[in-house]
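Hi,

Here is the model I promised you, with the sequence alongside. Have a look at it first, and then read on for what turned up.

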Amino acid sequence: MEDGFSSFWGPVTSTDRCEKNYVHSSYIAEFFNTISSIPGILFALIGLINALRQRFEKRFSVLHISNMILSIGSMLYHATLQRVQQQGDETPMVWEMLLYFYILYSPDWHYRSTMPTFLFFYGVGFAIAHALIRFEIGFKVHYIVLCLLCIPRMYKYYIYTKDNYAKRLAKLYIATLFLGSICWLMDQVLCKEISHWYFNPQGHALWHVFMSFNSYFANTFLMFCRAEQRRWDPKIVHFFGVFPYVKIQKPKSQ
């Protein structure tokens with residue numbers, strides 16, 4: 001939404017959200033939509049440190065790094081409102097979902113090399129197509145389909161998990177996804193009305209915050225389930241009694 005200082009980055013060439021542009025700085029187009037991705041970087045860093053410290057499989061380190069890349073891409077996009085930066089936000093979103101797909105389905109996949117090979121070329125093909133073609137609605141539909149493909153497997157993990165703390169993580173994952181989606185829809189659908197309000201609730205920024213928690217809860221739940229599969233005696237413990245993470249005890253042979 002155009003307003004505020006003159007633009008350092010030039011005319012807007014990307015999708016413009018409901019937040020007024022360049023209100024707080026001539027270098028940051030959408031201030032709240034930019035800084036709201038910082039929690040995503042911090043949570044991903046915490047998850048990465050835990051995965052490396054306890055020597056989880058590399059797939060989880062890559063997943064946490066992809067969360068950080070996505071949050072950084074989101075900050076660049078909302079700070080500049082340029083089309084190239086928007087692609088730098090949206091393409092990692094798809095890559096991240098492909099990683100989730102691999103982590104969810106690969107344990108029962110009989111042909112070990114086919115899935116990562118297919119997902120790799122799928123991700124590369126999407127990145128090329130997205131760089132050449134601008135398809136806003138098509139991107140949203142594609143992303144939603146990828147998310148829906150992961151839900152059945154997440155549900156299977158949930159019903160087979162007996163640990164109450166792990167189940168609570170799954171419930172928090174659903175709750176943050178639901179609340180974040182409401183904020184995103186409010187920002188999309190009610191933008192004209194919100195522009196006349198005295199106070200903008202910053203629905204898209206709240207979406208970023210909720211999805212930062214959402215990704216962390218999802219990653220922690222998946223790490224727990226994978227540790228159960230590997231018989232690593234996983235437990236959900238809480239840092240300072242609040243922040244959950246997975247603690248494992250590998251057999252001495254591993």
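Let me start with phenylalanine 126, which counts as buried because its relative accessibility is 8%, under the 20% cut-off. Please keep in mind that this is a predicted model. Phenylalanine 126 sits in helix 5. Leaving aside residues up to four places away in sequence, its contacts are Thr91, Val94, Phe135, Phe139 and His142. Tryptophan 95 is 31 residues from phenylalanine 126 in sequence, yet the two C-alpha atoms are 9.0 Å apart in space.

Two of those contacts lead on to helix 6. Phe139 and His142, both touched by phenylalanine 126, are among the buried residues of helix 6. The others on that list are Tyr143, Leu146, Cys150, Arg153, Met154 and Tyr157. What do the buried residues of helix 6 pack against? Their partners are helix 4 (83-105), helix 5 (114-132), helix 7 (164-189) and helix 9.

Helix 6 itself runs over residues 136-160, which makes 25 residues. From first C-alpha to last it reaches 37 Å, close to the 36 Å expected at 1.5 Å a residue. Where does helix 6 bend? Look at isoleucine 151: the bend there is about 25°, and proline 152 follows within four residues.

Now for the part I think you will want to open on screen. In an unreviewed entry, UniProt lists His78, His204 and His208 under "binding site". These histidines are spread over 131 residues of sequence but cluster in space, with a largest C-alpha distance of 11.4 Å. The lining of the largest pocket takes in His78, His204 and His208.

Histidine 78 belongs to helix 3 (residues 58-80). Is histidine 78 buried or exposed? With a relative accessibility of 0%, histidine 78 counts as buried. Setting aside residues up to four places away in sequence, histidine 78 touches Arg17, Ala29, Glu30, Asn33, Thr34, His204 and His208, so both other histidines of the UniProt listing are among its contacts. With glutamate 30 there is also a polar contact between side chains, at 2.7 Å.

Histidine 208 is found in helix 9 (residues 203-229). It is buried too, since its relative accessible area is 9% and the cut-off is 20%. Beyond residues up to four places away in sequence, histidine 208 touches Asn33, Ser36, Ser37, Ser74 and His78. Which atom of asparagine 33 lies 3.1 Å from a polar atom of the histidine 208 side chain? That is the backbone oxygen of asparagine 33. Asn33 is also in the contact list of histidine 78.

Finally, a look at the loop between helix 9 and strand 1 (235-239), where arginine 231 has its place. Phi of arginine 231 is near 60°, a positive value in a residue other than glycine. Arginine 231 counts as exposed because its relative accessibility is 69%, over the 50% cut-off. Aspartate 233 is in the loop between helix 9 and strand 1 as well, and its phi is near 50°, again positive in a residue other than glycine. At 42% relative accessibility, aspartate 233 counts as partly exposed.

Happy to go through any of this with you.

Best wishes

Notes:
Residues are numbered from 1 along each chain as its sequence is written. This is a predicted model: local features need pLDDT of at least 70, side-chain atom pairs count only at pLDDT 80 or more; totals for chains, interfaces and linings use all residues. Side-chain values use heavy atoms; hydrogens and water are left out. UniProt positions are given in the numbering used here, feature names are shortened, and annotations may be inferred rather than shown by experiment. On a 1 Å grid over the protein atoms alone, a cavity is a set of points where a 1.4 Å probe fits but cannot get out, and a pocket is an open set with protein on both sides within 12 Å along at least five of seven lines; lining residues have an atom within 4 Å of a point. Helices (H or I, at least four residues) and strands (E, at least two) are DSSP runs, numbered from the N terminus. Buried means under 20% relative accessible area, exposed over 50%, partly exposed in between (1.4 Å probe, protein chains only). Contact means heavy atoms within 4.5 Å. A polar contact is a pair of N or O atoms within 3.5 Å; within protein, one must be able to donate a hydrogen and the other to accept it, and residues adjacent in sequence count only if both atoms are side-chain atoms. The expected span of a helix is 1.5 Å times one less than its number of residues. The bend at a residue is the angle between axes fitted to the seven residues ending there and the seven starting there.
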